[in-house]
Structures are given as C-alpha cells and as structure tokens.
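Visitor: I would like to know how the labels on a model are earned. Take me through them, with the numbers.

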Amino acid sequence: MKRYCLALDLKDDPALIAEYERWHAAGAGWPEVRQNDLNADIIDLQIYRTGTRMFMIMETNDDFSFEKKAALDANSPHVQEWERLMWGYQQSLPNAKPGEKWVLMDKIFQFEG
C-alpha cells in the first residue's frame, strides 16, 4: 500500500466553502467519480480543511500511478465535469506549477513508536 498527501486551496469565500463541503458530504459525491478512483487503484481518500487550505490523504494499491489516474480521468466525461465544477471553488497553491491543482506534499517527519 502507498500513501500520498496533497494540498490545494479553496477560494476565500465562506458561501463557496460551505457549498464545496456540501458536495463532499457523505453520499453527495458522484458514484462515477468514485468508481474512477477505485479503477485507478485508490483504496481510501480523505480530505481535511483548515481555513481555505485543504489536505488530501490517498491510500492506494501498489499498482497506483499518477499517470494511470490522469489517463482514466481524461477518458471519463463524469470526472471531467466534476473537475470543472470543483474548480469553481478551488484555486492553485502559490507554489503550484501552471495547470497543477492538487500539489503533492513531501513527507518531512514520521513518528515511530
């Protein structure tokens, strides 16, 4: 199993943030988008928020690759529509590359007990 952590910002608008969270409430997401994630070997996906900053944790099978995920996303009209819809609430991080949404974070610490 692999774990990836990514970050992205929301637009600084309380109404948009509340609407974005409603889209991500239990049962509110699109099943086609979730199935696409499963097909990409994503086992679990969680998003946390503080202020406008979001933090995503993805747990995947060992076969997961961002290239495979991107190819599946590109071939799914439902995922493309979802991404267009979500981009109305999101904005790139200041350090994001052009066209980059979720930015992969570097692990800098791990506690082992």
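Guide: What follows is a set of short questions and answers on this model.

Guide: This is a predicted model, in which local features need pLDDT of at least 70, side-chain atom pairs count only at pLDDT 80 or more, and totals for chains, interfaces and linings use all residues. Residues are numbered from 1 along each chain as its sequence is written, and side-chain values use heavy atoms, with hydrogens and water left out.

Visitor: Why is Lys69 called buried?

Guide: Buried means under 20% relative accessible area, exposed means over 50%, and partly exposed lies in between (1.4 Å probe, protein chains only). Lys69 has 15%, so Lys69 counts as buried.

Visitor: What is Lys69 in contact with, leaving aside its neighbours within four places in sequence?

Guide: Contact means heavy atoms within 4.5 Å. On that count Lys69 touches Asn36, Asp37, Ala40, Ile42 and Phe64.

Visitor: What makes Lys69 and Asp73 a salt bridge?

Guide: The term asks for a side-chain nitrogen of Lys or Arg within 4 Å of a carboxyl oxygen of Asp or Glu. Here the N to O distance is 2.8 Å, so the pair qualifies. Both residues lie in helix α3, four residues apart, about one turn of the helix. Asp73 is also buried, at 15% relative accessibility. Asp37 joins these two in a network of salt bridges.

Visitor: How many salt bridges does a search of the whole structure find?

Guide: Eight. One of them pairs Glu21 with Arg49, at 2.4 Å from N to O. Glu21 lies in helix α1 and Arg49 in strand β2, so the pair ties together parts that are 28 residues apart in sequence. Helices (H or I, at least four residues) and strands (E, at least two) are DSSP runs, numbered from the N terminus.

Visitor: Are Glu81 and Arg84 buried or exposed?

Guide: Glu81 has 38% relative accessibility and counts as partly exposed. Arg84 has 52%, so Arg84 is exposed. They also form a salt bridge, with the closest N and O atoms 3.1 Å apart. They are three residues apart in helix α4, about one helical turn.

Visitor: Why is the pair of Phe64 and Phe66 called edge-to-face?

Guide: Rings of Phe, Tyr and Trp (its six-membered ring) pair if their centres lie within 6.5 Å; planes under 30 degrees apart count as stacked, over 60 as edge-to-face and the rest as tilted. The structure holds seven aromatic pairs. For Phe64 and Phe66 the centres are 5.0 Å apart and the planes stand at 80 degrees, so the pair is edge-to-face. Ring pairs link both of them with Tyr4 into a cluster. Phe64 is buried at 3%, while Phe66 is partly exposed at 32%.

Visitor: How do you know that the buried residues of α4, Val79, Trp82 and Met86, are on the same side?

Guide: Helix α4 spans residues 77-87, and Val79, Trp82 and Met86 are buried there. They cover an arc of only 60 degrees around the axis, which puts them on the same side of α4. The arc is that of the directions from the helix axis to the C-beta atoms. The face turned away carries the exposed residues Pro77 and Arg84.

Visitor: What covers the buried residues of α4?

Guide: The cover includes α1 (14-23), α2, α3 (66-74) and β4 (90-91).
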